[in-house]
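Open your viewer and get ready to make a few selections. This tour goes from stop to stop, saying what to pick next and what is there.

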Amino acid sequence: MGSFKPPEGARRDGGGFLDGQLLVAMPGMQDNRFARSVIYLCAHSEEGAMGIIVNRPARKVNFPELLVQLEVIRPEEAIRLPAQAGTVQVLNGGPVETGRGFVLHSNDFFIDNSTLSIDSGVSLTATIDILRAIARGAGPDQAILALGYAGWSAGQLEAELQDNGWLNCPADPALIFDQAVGSKYERALQKVGIDLGRLASDFGRA
């Protein structure tokens with residue numbers, strides 16, 4: 001899966017950057033790649049931003065199949081995976097590097113020089129070692145595997161926020177790792193204090 005390096009200068013000190021927060025697409029989002037998306041922002045700095053879409057399932061592959069494809073396990077071992085592995089969802093994490101895997105997971109798992117501890121009980125690991133750990137029952141308590149990510153160049157995310165393309169709010173690990181992917185968008189808007197039905201009606205009258 002390769003190793004992940006956040007943008008140079010990525011900070012998690014509250015200095016005006018949004019890493020560790022959720023980005024929630026406004027209902028009027030025109031970019032179909034991000035319509036109704038909820039993104040966990042992993043890194044944000046003067047150099048740009050990187051995040052993972054957490055509410056878009058990858059429909060053509062499940063976690064055991066992916067482990068076989070990556071030769072983490074043999075095909076006959078797929079039915080003997082620990083229960084923990086059965087809860088890992090495979091998501092479309094974004095339009096950038098869609099052949100690359102990123103695991104968002106709880107903070108009870110860490111690999112030196114590979115795991116990025118972000119915030120709010122969430123870490124990111126992008127090496128195949130975490131998949132091996134999950135396959136043998138030694139991985140994090142909660143995890144999702146994303147294929148690809150969302151990326152912004154310097155100043156791009158700030159411009160999109162100013163243009164009201166996104167809302168942002170503190171991240172909730174319970175929402176990030178929840179199995180109910182289909183309702184994450186509405187629940188994320190509720191966290192911001194927005195009723196989707198009322199907002200959609202307002203847009204319709206504009």
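**Stop 1: helix α3.** This is a predicted model. Start with the buried residues of α3, which pack against α1 (63-69), α2 (83-86), β5, β7 (122-125) and β8. To see them, select I128, I130, L131, A133, I134 and A135, the buried residues of α3. Helix α3 covers residues 128-135, and six of its eight residues are buried, so the helix is largely enclosed by the rest of the structure.

Now pick I130 alone, a residue of helix α3. Is I130 buried or exposed? With a relative accessibility of 0%, I130 counts as buried. Add H105 to the selection: its C-alpha is 9.8 Å from that of I130, while 25 residues separate the two in sequence. Before leaving the helix, click on G137, which follows α3 and has a positive phi, near 80°.

**Stop 2: the aromatic pairs.** How many aromatic pairs does the structure hold? There are four. Select F34 and W166 for one of them: this pair is edge-to-face, at 5.8 Å centre to centre and with 70° between the planes. F34 sits in the loop between β1 (21-25) and β2 (38-45), and W166 belongs to strand β9 (residues 166-170), so the pair ties together parts that are 132 residues apart in sequence. Both F34 and W166 are buried.

Next, show F102 and Y149. Their ring centres are 5.4 Å apart and their planes meet at 75°; pairs over 60 degrees count as edge-to-face, so this pair is edge-to-face. Here too, distant parts of the chain are linked: F102 is in strand β5 (residues 96-106) and Y149 is in strand β8 (residues 143-153), 47 residues apart. F102 is buried, with a relative accessible area of 1%, and Y149 is buried with 16%.

Then add W152 to your view of F34 and W166: F34, W152 and W166 form one aromatic cluster.

**Stop 3: the nonpolar cores.** Which residues touch the most other members of the largest nonpolar core? Select Y40, I52, L104, W152, W166 and I176; they are the ones, in a core of 45 residues. Center on I52 and show its contacts. Leaving out residues up to four places away in sequence, I52 touches V38, I39, Y40, C42, G93, F102, L104, A146, G148 and Y149. Apart from the largest core lies another, of 23 residues, with L66, L67, A135 and A143 among them.

**Stop 4: cysteines.** Try selecting C42, which counts as buried at 0% relative accessibility. C169 counts as buried too, at 4% relative accessibility. If you look for disulfides, the structure holds zero.

**Stop 5: two positive phi values.** What is the phi of E97? Phi of E97 is near 50°, a positive value in a residue other than glycine. E97 is placed in strand β5, and at 39% relative accessibility E97 counts as partly exposed.

For your last selection, go to N113, in the loop between β5 and β6 (115-119). Phi of N113 is near 65°, again a positive value in a residue other than glycine. Is N113 buried or exposed? At 83% relative accessibility, N113 counts as exposed.

Conventions
Residues numbered from 1 in each chain as written. Predicted model: local features only at pLDDT ≥ 70, side-chain atom pairs only at ≥ 80, totals over all residues. Heavy atoms only, no water. Phe/Tyr/Trp six-rings, centres within 6.5 Å; stacked < 30°, edge-to-face > 60°. Helix = DSSP H or I, 4+ residues; strand = E, 2+ residues; numbered from the N terminus. Buried < 20%, exposed > 50% of the residue type's maximum accessible area, 1.4 Å probe, protein only. Contact = heavy atoms within 4.5 Å. Core = buried A, V, L, I, M, F, W, Y, C linked by side-chain atoms within 4.5 Å. Disulfide = S-S within 2.5 Å.
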